[in-house]
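Colleague: I have a few minutes before my next run. Can we go through this model together?
Modeller: Yes, ask away.

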Amino acid sequence: MPQHAAVLDNAVGSSRRLLRSRLGRRLLGLFIGCALVPTCTVALLSFKSVTKQLTRQSQERLTALAGAAGKTLVDRLSFFESDLRRQAPKLLACATARASSAHSDCGDVLLYAAEGVGAFPGSGAGLRLLSGEAAALRTLTPAMLPKLGPGQSTLVSLSSEPAALQLYVVHRPETTREVLLIAHLSTNYLWGPADAEGLPGNVALRLQDAQSLVLLGSPSDNSASLTAAWSLPRLPLFLIPSWQVVLSEPRADVIAPITGFARSFPAVLALALLAVVLLSLSQIRRSLVPLVELGKGTRRIAAGDFHTSVQVTSGDELEELGGAFNAMTGKLARQFHTLETAAEIDRAILSSMDTATIAEAVLDRVPEVCPCQGLSLTVLGPEGEAQARTWWERGRVRESRAMIMAQLSASDLVQTLQQPEWMILGEEGIPVPGYLAHLGENGKSSVVACPLHYGGELLGVLALCDAPGERSNETLLDFRRLADRVAVALSNARMMDQVRVLAFFDSLTRLPNRILYRQRLGQAIGHAATSRRRVAVCVLDLDQFARINDTLGHDLGDQLIQEVALRLQGSCRQEGAAVGSGTEALGIQVARLGGDEFAVILPELGEAEEALWAARRLLEAFQQPFRLGAQEVFATASIGIAVYPDDGNDPETLHKNADVALTHAKEEGRNTAELYSASMNGEALGRMRLEHELRKAVEHGEFTVWYQPIVELRSRLVTGAEALVRWEHPDRGLVGPLDFIALCEESGLIVPLGEWILRDACDQLKRWREAGLDGFKLSVNLSARQLRQRGIVRTIQDILDSTGVRPSALAFELTESLLMEQGGTTERRIRELAELGVTLAIDDFGTGYSSLSYLKNFPVSTLKIDRSFIVDVTTSPDAAAITTAIIALARAMELDVIAEGVETKGQAAFLRDRGCQKVQGYLFGRPAPRALFTDFLLARQRRRVSA
Ligand code: C2E
Ligand code: MG
Ligand code: MG
């Protein structure tokens, strides 16, 4: 029972749902209308027709009955009248006899159906009863009787109401003019109960006169009855009033057969309606449920649910429509899935900027769109096919995923370029090429390979293997579309690689640059923090690279940097191998920080000293000369080392401290490695402070120029003086140039300072000349940085012009290394200076790398032998030999020679003996302020300088 109730509930519920639907209501209304309108119309028409038919039939029957009844009445009246007529003689006789004797017997005169017979004898005489009862006859008077001709009869009626109808037949016999025979007719004779029974029970008869006064029978409601009338005919001798026999039958009885139908019709109609409703609902359900299903399905699609399907089992076109709908959603779902997957692939591969991540995304996602037995992505290297890598996976088994190196042959490339869309390999005799052999191994499947082109460049090949029968054209197109996306992603990745290389790698050496070095140092520190090990930073700077660069030119300088990078990498590789791992794995990193500065990160150290040993091994890489073009050059380097966590906890501090250690290493005489110690930092800070003070000193003019005489050895005459700058420090007193000139050069402060020195020196020279202290050359030091300065020649010219100093009275002392830069700006500048007319001298000669042959190419007229040779000239045979050689060669080349730093008479004697003309040194005069030097000059005028 509960089950039935549930079914019923379900049916009612679904019906309600249907009726809530507008289409359901409309269809239901339509069905009901279609069923009811014709039914009711037919019923109504049938009702009317049957009613009419019944009425007509009843009418005809009534008419026939009325005629028959009327004829019966007429027959009976006619018979009665003819009976009276026949008995008339007898009755006349009887009447006559009565006239004479009131007791004459007329008993033999019997009139059938007469209740009484009388006669009016005429002449006003009263009625003479001839037979029967007189009562009914006596109401008649002769006046009531019509005039009758002889032999004529008439029917007379007296009635106030039908129940009291009195019928009389009056006859005037032919034989008499006066006597009228009157017979009182029994109404029962005329129409008795037996007659009434002869009629159908519901049919009533009435006799009515011309005024519709009912004579016989009972009046009836004409509107509620069906009537038929028959008029009594007029007979020649028997005057019958124009009476009518009217038969009536209640209409209700007439239409009784149809009334039952009419009564049962609403019930039938209701049943029909119910049937219609139920049938309609079932039909509507059959149509509407699929429609609702389809509607819901469509809404689900509109909401983006493409995996929807509808269940329509109506067995008609709607089911076909449902099938088509499901097919459509299936197709849409597949297309959207393809699009979504493609979009995901886009996101995955376009957001990942390295090839390996893109390859992973491709292997993850592509099989979702293009079902396959195996997938591979071959990516050509940036340099071409030789360095191709292939990522592949078989049967969506992640464990089978691998990356292998691949090589595309020239014919592979030609084949790939000939088929820009896709290649079907392993079918129709087209072999699977070697670089895709891993996909077609079992020989049962074929390989579809899509070349990956972007921007006219072949970037790789995306290939899948599948069974030939499983592949649809749609899959091929999807695969091609995905391949295009992969090509874009690979192109992006390649571009990003290039950008990365540009951003993070040094273009000259391909080593990581400063940015990447900082990152990697941070990583190494992070790693060391967890592993509780040490990380060392070695900052390496080539010794006097500027000089090498100046000497050999920038091209060879760059070449040297490249060679150094290679040697450092090689050395680090050995270092990594020594501890059992390669450079990359161990994380030993070499970076170029700029110029001639390199950095090496040494991770995973146990002790700080290990860094020092490693740094010394790095320096060993410089033991062999570097071959640069046609020549071999020796270069050394200095290394500063800072160790995490001893010397700093972050990359910045560590690097800064390694820099401090480097400076220290340089100061320690170069070609050495120094571990940072806290005291060094003070030195670095001191340098920074000094630089700051120097800037202020340049601004405030805290410098002064001192002068040291240059003396001709033989004559002891002062032939020149060197201008040497001094810093009158407000706190520290007088500071010598060795303490600040190098820093001025590094910081560029030498440019304004050098200009000021030259101007001051020229001013002084002018004053001396004006004071008559004339005839000597003033030497001014010109640093390399000054010489490279644009506009230096013009500046010098301006100073000469403004002070009125003759160029010939001025000599510039240049460093030896400047002469090595042949053909460059420096050479041009030197020539321009010479063209001014000033003398050019090479300062500190012998410490640089130049050979004397260079001097031939430059307008240099003087060599100043470096003090380091002179100081040992009397004690060291090497120094003596070098000095002797320099003097001899200079003389051979007709160059002036000045020996610097002559402090002893022995040195002076040695030099004189070797033919050196001029000397400069404490033996002949220390550098002195201008006032002192002026006095010195004045004194010199008086006597030759004595040593
Ligand atoms: P320099 O040009 O070779 O100058 C000679 C240096 O040798 C001077 O040192 C001088 O005092 C020193 N000297 C001369 N004779 C003797 C001697 O007998 N014994 C010893 N022990 N030293 C002697 P100073 O003045 O300290 O200058 C050092 C260097 O600073 C100069 O070497 C020069 O390279 C640079 N310098 C000095 N003044 C200037 C300047 O105005 N401009 C530039 N660019 N550099 C300057
Ligand atoms: Mg000098
Ligand atoms: Mg010198």
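Colleague: How far apart are the magnesium ion (ligand 3) and the magnesium ion (ligand 2), and which residue coordinates both?
Modeller: Bear in mind that this is a predicted model. The two ions are 3.9 Å apart, and Asp843 coordinates both.

Colleague: Which residues coordinate the magnesium ion (ligand 3)?
Modeller: Asp843 and Asp844 each do so through OD, and Glu900 appears twice through OE, at 2.0 to 2.4 Å. Along the chain, the donors of this ion follow the spacing D-D-x55-E. Asp844 sits in strand β29 (residues 839-845) and Glu900 in strand β31 (residues 896-900), 56 residues apart, so that pair links distant parts of the chain.

Colleague: Are Asp844 and Glu900 buried or exposed?
Modeller: Asp844 has 29% relative accessibility and counts as partly exposed. Glu900 has a relative accessible area of 10%, so Glu900 is buried. The cut-off for buried is under 20%.

Colleague: And what coordinates the magnesium ion (ligand 2)?
Modeller: Glu722 (OE), Asn781 (OD1), Glu813 (OE) and Asp843 (OD), at 2.0 to 2.3 Å. The donor residues of the magnesium ion (ligand 2) are spaced E-x58-N-x31-E-x29-D in sequence. Glu722 is in strand β25 (residues 718-729) and Asn781 is in strand β27 (residues 777-781), so this pair ties together parts that are 59 residues apart in sequence.

Colleague: Same follow-up: are Glu722 and Asn781 buried or exposed?
Modeller: Glu722 is buried, because its relative accessible area is 3%. Asn781 counts as partly exposed, at 30% relative accessibility.

Colleague: Changing topic. Where is Arg716?
Modeller: Arg716 is in the loop between β24 (703-712) and β25. With a relative accessible area of 22%, Arg716 is partly exposed.

Colleague: What does the side chain of Arg716 reach?
Modeller: The backbone oxygen of Leu713, at 3.2 Å.

Colleague: I was also looking at Gly315. What separates the C-alpha atoms of Arg716 and Gly315?
Modeller: Those C-alpha atoms are separated by 133 Å, and the two residues are 401 residues apart along the chain.

Colleague: Another arginine, then. Where does Arg592 lie, and is Arg592 buried or exposed?
Modeller: Arg592 lies in strand β18 (residues 589-594). Arg592 counts as buried, because its relative accessibility is 11%.

Colleague: Which side chain does Arg592 join in a polar contact?
Modeller: That of Asp506, at 3.1 Å. The Arg592 side chain also reaches a backbone atom, the oxygen of Gly595, at 2.9 Å.

Colleague: What else is Arg592 in contact with?
Modeller: Leaving aside neighbours within four places in sequence, the contacts of Arg592 include Leu508, Thr509, Leu511, Pro512, Ile561, Glu597 and Phe598. Asn513 and Arg514 are also among them.

Colleague: Now the holes. How many cavities of 30 Å³ or more are there?
Modeller: The count comes to two. The largest cavity holds about 60 Å³ of space, and the second largest cavity about 40 Å³.

Colleague: What lines the largest cavity?
Modeller: Leu765, Arg769, Asp774, Phe776, Arg806 and Ala809. By class, the lining of the largest cavity has three nonpolar, no polar and three charged residues.

Colleague: And which elements supply the lining of the second largest cavity?
Modeller: α9 (355-369), β11 and β12 (384-394) each supply at least two residues. Leu363, Pro367, Cys372, Glu393 and Arg396 are among the lining residues of the second largest cavity. That lining divides into four nonpolar, two polar and three charged residues.

Colleague: Last topic: what is the volume of the second largest pocket?
Modeller: About 420 Å³. The elements that give two or more residues to the lining of this pocket are β11 (374-381) and α11 (473-504). α11 gives the most, with six residues.

Colleague: Which residues lie nearest the centre of the second largest pocket?
Modeller: Pro382, Arg494, Asp497, Gln498 and Val501, out of 15 lining residues. By class, the lining of the second largest pocket has six nonpolar, three polar and six charged residues.

Colleague: Thanks, that covers my list.

Notes
Residues numbered from 1 in each chain as written. Chains lettered and ligands numbered in written order. Predicted model: local features only at pLDDT ≥ 70, side-chain atom pairs only at ≥ 80, totals over all residues. Heavy atoms only, no water. Helix = DSSP H or I, 4+ residues; strand = E, 2+ residues; numbered from the N terminus. Buried < 20%, exposed > 50% of the residue type's maximum accessible area, 1.4 Å probe, protein only. Polar contact = N/O pair within 3.5 Å; in protein donor to acceptor, adjacent residues only side chain to side chain. Contact = heavy atoms within 4.5 Å. 1 Å grid on protein atoms, 1.4 Å probe; cavity = no way out; pocket = protein on both sides within 12 Å on 5 of 7 lines; lining within 4 Å. Points joined across faces, edges and corners; volume = space filled by probe spheres on them. Nonpolar A, V, L, I, M, F, W, Y, C, P; charged D, E, K, R; others polar. Donors = N, O, S within 2.8 Å, 3.2 Å for Na, K, Ca; no water.
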